[in-house]
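Hi there,

Here is the structure I promised to pass along. Have a look at it first, and then read on for what turned up.

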Amino acid sequence: MGGNLEGSPLLGTLVEVQRRTATVAGDDGVDYHCQYSPTIDLAGFSNFAVGDRVTFIRAGTQQEAMITGILPRTSKISRPGPMDRRSDELILAANVDALVVVTTPAKPDFNPRMVDRYLALAEIFSIDAIICMNKVDLDDKLPEELTYLRGLGYPVVSVSAKLDIGLEDLRKALQGIKVVLSGPSGVGKSSLIRKLFPGSDPEVGDVRKGDGKGRHTTTTSNLYRDGGVCIIDTPGIRELGIVGVTKRELADYWRDFRPYLQLCRFRDCAHKGEPGCAVLAAVASGKLPDFRYQSYLRIQESMDEG
Ligand SMILES: Nc1nc2c(ncn2[C@@H]2O[C@H](COP(=O)(O)OP(=O)(O)OP(=O)(O)O)[C@@H](O)[C@H]2O)c(=O)[nH]1
Ligand SMILES: [Mg+2]
Ligand SMILES: [Zn+2]
């Protein structure tokens, strides 16, 4: 074979992406450090993302292992490019089945609006969501908001990365799917990965003493997999805003609002006090809980700014 390409392309998953090179976990169980084939238009594919399925060829005598192509994605988590290059979207993770929304009873304080924001993002990206209540060692009472969300069909798993509580339940919930861990800084995303993947070494930071907030410890994207569990840890997910959705469309992504949306008097109702608003009526009669409506309002208002 000499310096020729060695055999037909193999399949693998991108587990780490740099500008000129990438690490591919081959379906043969071996990790490959690859370059991108010159036949790939790198400008067009500057968007290779962790989780992407690629074809690649193994290293030959005169060349390095090389990624030769990218398979169509089943889903992606992305954000738009900077102001002047909106269409150059940045893909944070590819082929994701579900978003794991990590939250805490304390340190940082339980924040139902934050949970709702990630649930809405999952709905926008058309992927499932699983709620993971970490740090139950600090308080093991499930907030009523999470009981309600469980009733909407979002699985809720209670765990403590610190005391090894509930990790088997979490493993079970994640079996056979590829997920991204989401949640604000300091909720313990990297700590959970350390527990689920012994031997992995994601950086774990402190929460600040004063306000109990995290310090933005994770700075690169990585894919971890073992025993049927596959998790992507990406820093970009922490601040992911709701974009590509108009304020009028936003309510579509609140699962429990959907039965009411067709019943509002005005077709373009923003559910902010218009007469004949079925969403507001449902909130007033207790059919929809106030916290869901408050998070909807606050997130809609935050969309004014950007
Ligand atoms: N009490 C308690 N503390 C925990 C638990 N899990 C993680 N922590 C602590 O919470 C802090 C933040 O943990 P990280 O894993 O770095 O949080 P993160 O979500 O990855 O944060 P970023 O990378 O900044 O987004 C660390 O001090 C952990 O030791 C837990 O179950 N209970
Ligand atoms: Mg982290
Ligand atoms: Zn309405």
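A salt bridge here is a side-chain nitrogen of Lys or Arg within 4 Å of a carboxyl oxygen of Asp or Glu. Across the interface of domain 2 and domain 3, that rule finds three salt bridges. One of the salt bridges in this predicted model joins Arg-258 and Glu-123, with the closest N and O atoms 3.0 Å apart.

To place those domains: the chain is divided into domain 1 (10-70), domain 2 (92-239) and domain 3 (250-302). For the contact between domain 2 and domain 3, 14 residues come from domain 2 and twelve residues from domain 3. The C-alpha centres of these two domains lie 27 Å apart. About 1300 Å² is buried between domain 2 and domain 3, and carbon and sulfur atoms give 63% of that area. Seven residue pairs are also in polar contact across this interface, counting pairs with both residues at pLDDT 80 or more.

Now for the metal site. The zinc ion (ligand 3) is coordinated by Cys-264 (SG), Cys-269 (SG), His-271 (ND1) and Cys-277 (SG), at 2.1 to 2.4 Å. Along the sequence, the spacing of these donor residues reads C-x4-C-x1-H-x5-C. The arrangement around the zinc ion (ligand 3) is tetrahedral because the four donor atoms subtend angles of 103 to 116°. Among the donor residues, Cys-264 and His-271 are both buried.

Happy browsing, and best wishes!

Key
Residues are numbered from 1 along each chain as its sequence is written. Chains are lettered from A and ligands numbered from 1 in the order in which they are written. This is a predicted model: local features need pLDDT of at least 70, side-chain atom pairs count only at pLDDT 80 or more; totals for chains, interfaces and linings use all residues. Side-chain values use heavy atoms; hydrogens and water are left out. Donors are N, O and S atoms within 2.8 Å of the metal (3.2 Å for Na, K and Ca); water is not among the atoms, so sites may look incomplete. Four donors count as tetrahedral if all angles lie between 85 and 135 degrees; four count as square planar and six as octahedral if opposite donors are over 155 degrees apart and all others between 65 and 115; anything else is irregular. Buried means under 20% relative accessible area, exposed over 50%, partly exposed in between (1.4 Å probe, protein chains only). Domain bounds come from an automatic or database domain assignment. Contact means heavy atoms within 4.5 Å. Buried area is the accessible area (1.4 Å probe) that two parts lose on being put together, summed over both. A polar contact is a pair of N or O atoms within 3.5 Å; within protein, one must be able to donate a hydrogen and the other to accept it, and residues adjacent in sequence count only if both atoms are side-chain atoms.
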